[in-house]
Amino acid sequence: MPNALISVTDKSQLVEFAQELVTLGWVIWASGGTSNELRKNSITVNELSDYTGMGEMLGGRVKTLHPAIYAGILARDIPEDEKVLANNNWLRFDLVVVNLYPFEKKVQSPNIDLGEAIENIDIGGVALLRAAAKNFQRVLVVCDPADYSVVIDALKSGQNTETLRRSLAWKAFGVTSRYDAFIAGFLSSGEVYPLNLYRCQNLRYGENPHQQAIFYSFSPNGKPFDGRVLQGKELSYNNILDVDSGWRVVSSFDEPTVAIIKHLSPCGIASANTVAEAYRQALECDPVSAFGGIVASNRVVDETAAIQMKDLFIECIVSPGFTSEAMEILSRKKNCRVIEIPISTQYSNEQWELRSVYHGVLRQSVDWGDPHGTEWRVVTSKHPDQEQMAALKFAWKACQHVKSNAIVLAKGKSTVGIGGGQPNRVQSVRIAIENAGERARGAVMASDAFFPFPDSIEVAAKAGIGAIIQPGGSVRDNDVIRAADNSGIAMIFTGARHFKH
């Protein structure tokens, strides 16, 4: 009868998996908490300590580190190895199921004690995974509960192939590699940064057809945004970038919000009581640029919203969900990808972001808006009225998602003009005003960084801008404030810059 060694920290799906193994005629060996969990659920299990003749020691630091176990895992199908097992009356282990102490999760606690962190460094589990993965030509190794069903199906169908065992082996080596790298990063206080990536999807091509592209995930079998493509072709390289940009925007707003993105740039952002109204207002900002863009919503898309979207050519629509009525309408847009992203996939959970450069990677903390303690102050003689203040708050948040030099014009809680990605700020102001047209009159203006000269204020004044929000900090701040005062414009300094390169 084949033997399975099971030692897991994450016991999700464990009982069902073990029961399937027993039904298939496997003998299960386990120790500690795993053994107790199986026995509690009436599953026959053999104690590893009975087999080795040695119990746990050193407060649990030594459990499975024994020649009888590792010889049974590492033995090959050759006479010399078989002789060693026979002479010592040792078993062969044909399946090793292990997941590790949650070191990464534990040390993310801000008050983690070094001693506690060290005790969460798994030794035996890593050694078991490496041994089983090394001998994948004979042994199945499972490090992820998500693979339990794959293994059971393979055993039932007689498809325990070397291809399967090899794929499970490299996955196990990936887990141990990431685990050790994370420990090194923790102990070195950031001198080492762990970066394990798993190939999850070959993309049709990159930004252009002559470029190759692959989607890698930080976890095996990962999907872009942990989402599901409900309709349409698989996401392309450019789709993934645009969806990422759109989801970042709407994730930063609490109210129902829609963002329309084209080539990584927002061409309309709006918050409203409903998705349909937010979409209508976002589209009004720049309907020309919206053609062929992606639409992101932080609320479920319903029938009314879908009706609004049906006539525009849209590459992707992304949302936490879609009603059946909405899907019926969107199903007629055959070339439109419809993506459902769990609302739990919020970018606010991310602490760091990475960006590749030639021969290296840049790492920075994520910009989630003004840092704690930021104080806005009115620097002009005129103060924004209540309506302007609400629009300024919206514009300031929207501005953080536009490429620098970023300028956003807003009325209420919707953008009416956006200018960004220009090498000088006054050009972004002109673009935003041109896009807004007559809607610029009475709008407010947000700038992601200070105005180096008063020229942008003078252009804004001619267009009828009523209030401005910006970080301040220029050596010519007094000239800028004077220009605003001369034009009767209220201006707020935030003291916080939000460049987006």
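Q: What makes residues a patch on the surface?
A: Patches are made of residues with over 30% relative accessible area and no salt bridge, where like charges are joined within 9 Å and nonpolar side chains (Val, Leu, Ile, Met, Phe, Trp, Tyr) within 5 Å. Accessible area comes from the Shrake-Rupley method with a 1.4 Å probe, and for residues only the protein chains shown count as cover; a salt bridge is a side-chain nitrogen of Lys or Arg within 4 Å of a carboxyl oxygen of Asp or Glu. This is a predicted model, in which local features need pLDDT of at least 70 and side-chain atom pairs count only at pLDDT 80 or more, while totals for chains, interfaces and linings use all residues. Residues are numbered from 1 along each chain as its sequence is written, and side-chain values use heavy atoms, leaving out hydrogens and water.

Q: Which residues form the nonpolar patch?
A: Tyr193, Leu195, Leu197, Ile214, Tyr216, Phe218, Trp352, Leu354 and Val361 form it, with about 810 Å² of accessible area together. At least two of the patch residues come from each of strand E7 (213-217) and strand E14 (352-357), strands being DSSP runs (E) of at least two residues and helices runs (H or I) of at least four, numbered from the N terminus.

Q: Why does Tyr216 count as partly exposed?
A: Buried means under 20% relative accessible area and exposed over 50%, with partly exposed in between (1.4 Å probe, protein chains only); Tyr216 has 38% relative accessibility, and therefore counts as partly exposed. Tyr216 is found in strand E7, and its C-alpha atom is separated by 7.0 Å from that of Gln201, 15 residues apart along the chain.

Q: How do you know that the pair of Phe17 and Tyr148 is stacked?
A: Rings of Phe, Tyr and Trp (its six-membered ring) pair if their centres lie within 6.5 Å, and planes under 30 degrees apart count as stacked, over 60 as edge-to-face and the rest as tilted. The structure holds 3 aromatic pairs; in that of Phe17 and Tyr148 the centres are 4.2 Å apart with 10° between the planes, which fits stacked. Phe17 lies in helix H1 (residues 14-23) and Tyr148 in helix H9 (residues 148-157), so this pair ties together parts that are 131 residues apart in sequence. Both Phe17 and Tyr148 are buried.

Q: What makes the pair of Phe291 and Phe313 tilted?
A: Phe291 and Phe313 are 5.2 Å apart, centre to centre, and the 55° between their planes makes the pair tilted. Phe313 itself has 36% relative accessibility, so Phe313 counts as partly exposed.
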